[in-house]
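User: Please take a close look at a single part of this structure, namely the site that holds the metal ion, and explain how it fits into the protein around it.

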Amino acid sequence: MTCSESSLYLFNTLSRKKEKFSPIDKGKVRMYTCGPTVYDYAHIGNFRAFIFEDLLKRWLEYRGFKITHVMNITDIDDKTIKRSKEKKISLEKFTKYYLKGFFEDIKTLNIKPADFYPKATKHIPEMIILIKNLIKNGYAYKSEEKSVYYAIKKFEKYGKLSNLQINNLKMGSRIKLDEYEKDQAQDFVLWKTWIPEDGEVYWETELGKGRPGWHIECSAMAMKYLGETFDIHCGGVDNIFPHHENEIAQSEAVTGKPFVNYWLHNEHLLVEGRKMSKKSGNFYTLRDLLKQNIDPIAIRFLLLSTHYRAQFNFTFEALESAKGAIERLKNFVRRLQDADAPHKDVKVEELTNNIKTKFCNTLDDDLNVSGMLAVLFDFVREINNLLDMKKVSKESAKKIIETMKKFDTVLGVIGKVDVEVSLPKEALILIKQREEARKIKNWKRSDEIRDQLKNMGIIIEDTPQGIKWYSEKS
Ligand code: AMP
Ligand code: ZN
């Protein structure tokens, strides 16, 4: 299943169009994704970015590419220093705590780990070399207070990623903050000379006592692990300016080569129409939701089910539908395990072959995940009908289960689906009580018992052949 009949197209922010994907080295993809700033637990908006990147990576793997994935860890910047000072903890201890939390969270969300997680604080020498080169080539200069700035007017293509016109800018106006908006485009800081507010956070270097600006870390670490030009760079749309624009300026001014071939950016997760962010306070961390007994895989499904270039609002209702969708997929696989029609059916064969092609065509179209889910659920419905009619043979069912498993290497939401199990006595009593409740049409009681069983890890399904039950523990 390598999608030999279609080609992968990805929307490149740089050209503002879908482009046919072709990596530098045949069969291999080098990919860099901007990682978390470890000053707090990541919120689920951040996880929208990481799950989109996970989907992209899994899709490339499905298509047979070998991926080298680097995700940086921002463990020094304005925010981490400020927060660690407020908490009166050393920067290292403070960021280590949240980094541990981040790794726990990505595991919970079934996000595949990157091959490298370089930390900014462990790459100061690489950043110094880059900055020195920029000074040597005339792209950077020292200010009166001995910080080093990038002179954006020197880099002719400055603004090419974010489509920014910089003609009206005042020469030499500078910004020292790590984060700023498009209308504040000006010379940005590469090396910040030490000030008392930085406390213990500084490095003694050839550029003086100080610390790096935020943007230089990604140029230094991306090129160290992936080379001067690599295939894919991702992040949320808020990273386009200034962060990624500055990464291009820093890297290309030194190497004279294109830094990245394909830039991919995910849109924001919103809450009531506004970007979910720490700054606005309208955010949920993964942990907030887990405390409410929400299944993390339903969060994963919700975050990946809208096309990555479309915004969408987070709601608890949508989370419920996500949960229902996963249940439908799991039940489908469970039902297939029991299929035993005596003969193969042409329709079943045809549907199974078609779904593989449709899966490829939709995801190859710039990861059109909503299109893919639509055809997948159509397929589930149609095969379910054929299962009702007892038209699915054991052999065909096995093939469909294999196909679903392969699809799930991309989705990561079905997991192991267990077959029927023997149940503890309390569960058997509950099932009996539920049957009795249903006989007298007491649906409320029947649903209550179903939930009770669910909490015990037991899933009940009413089929035309009677009740079936499964263990959810996999
Ligand atoms: P940060 O830890 O702030 O550097 O962000 C990590 C990643 O999350 C970046 O790629 C951001 O662009 C992305 N991001 C931040 N907020 C959101 C949001 N509300 N929706 C989607 N992605 C986001
Ligand atoms: Zn970055």
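Analyst: The account below begins with the chain as a whole, turns to the metal site, and then follows the chain outwards from there.

The structure is a predicted model. The protein chain has 474 residues, of which 54% count as buried. Its secondary structure comes to 14 helices and 17 strands. Along the principal axes, the C-alpha trace spans about 85 × 50 × 35 Å. The accessible surface of the chain is about 22,400 Å², and 51% of this area belongs to carbon and sulfur atoms. Among contacts between residues at least 6 apart in sequence, 75% join residues at least 24 apart. The metal site offers an example of distant parts of the chain being linked.

Which residues coordinate the zinc ion (ligand 2)? The donors are the SG atoms of Cys 34 and Cys 218 together with the NE2 atom of His 243, at 2.1 to 2.2 Å. Along the chain, the donors of this zinc ion follow the spacing C-x183-C-x24-H. Cys 34 is in the loop between β3 and α1 (44–62), whereas His 243 is in helix α6, and 209 residues separate the pair. Are these two residues, Cys 34 and His 243, buried or exposed? Both Cys 34 and His 243 are buried.

The helix that supplies His 243 deserves a closer look. Helix α6 covers residues 240–255, and Phe 241 belongs to it. Pro 242 also lies in helix α6. The peptide bond that joins Phe 241 and Pro 242 is cis, with omega at about 0 degrees. This is worth noting because most peptide bonds are trans.

Phe 241 also takes part in an aromatic pair. A search of the whole structure finds 30 aromatic pairs. One pair of interest here begins in the strand that comes before the loop of Cys 34. The ring centres of Tyr 32 and Phe 230 are 6.3 Å apart, and the planes meet at 50 degrees, so this pair is tilted. Tyr 32 belongs to strand β3 (residues 28–33) and Phe 230 to strand β11 (residues 230–236), so the pair ties together parts that are 198 residues apart in sequence. Tyr 32 and Phe 230 are both buried. The pair that involves Phe 241 has Tyr 180 as its partner: the ring centres are 5.8 Å apart and the planes stand at 80 degrees, so the arrangement is edge-to-face. Tyr 180 is in the loop between β7 (174–175) and β8 (187–193), while Phe 241 is in helix α6, so the pair ties together parts 61 residues apart in sequence. Tyr 180 and Phe 241 are likewise buried.

Aromatic rings appear in other settings as well. Ring pairs link Phe 47, Phe 50, Phe 102, Phe 103 and Tyr 117 into a cluster. Tyr 202 has the charged end of Lys 209 over its ring, 4.3 Å from the centre. Tyr 39 has Lys 278 over its face, at 5.2 Å from the ring centre.

Another loop, the one between β5 (140–142) and β6 (148–150), contains Ser 143. With a relative accessibility of 8%, Ser 143 counts as buried. The side chain of Ser 143 makes a polar contact with the side chain of Glu 145, at 2.3 Å. Leaving aside residues up to four places away in sequence, Ser 143 touches Tyr 149 and Arg 174. Lys 146 is placed in the loop between β5 and β6 too, but Lys 146 is exposed, with a relative accessible area of 53%.

The backbone at Lys 146 has a phi near 70 degrees, a positive value in a residue other than glycine. Lys 88 likewise has a positive phi, of about 55 degrees, although it is not a glycine. Lys 88 is in the loop between α2 (78–86) and α3 (91–108), and its relative accessibility of 77% makes it exposed. These values are worth noting because most residues other than glycine have a negative phi.

A last residue, Ile 128, lies in helix α4 (residues 124–136). Ile 128 counts as buried, at 6% relative accessibility. Apart from residues up to four places away in sequence, Ile 128 touches Trp 191, Thr 205 and Leu 207. The C-alpha atoms of Ile 128 and Asn 384 are separated by 61 Å, and these residues are 256 apart along the chain.

Key: Residues numbered from 1 in each chain as written. Chains lettered and ligands numbered in written order. Heavy atoms only, no water. Phe/Tyr/Trp six-rings, centres within 6.5 Å; stacked < 30°, edge-to-face > 60°. Helix = DSSP H or I, 4+ residues; strand = E, 2+ residues; numbered from the N terminus. Buried < 20%, exposed > 50% of the residue type's maximum accessible area, 1.4 Å probe, protein only. Lys NZ or Arg CZ within 6 Å of the ring centre and 35° of its normal. Polar contact = N/O pair within 3.5 Å; in protein donor to acceptor, adjacent residues only side chain to side chain. Contact = heavy atoms within 4.5 Å. Donors = N, O, S within 2.8 Å, 3.2 Å for Na, K, Ca; no water. Areas by Shrake-Rupley, 256 points an atom, 1.4 Å probe, with all protein chains shown as cover.
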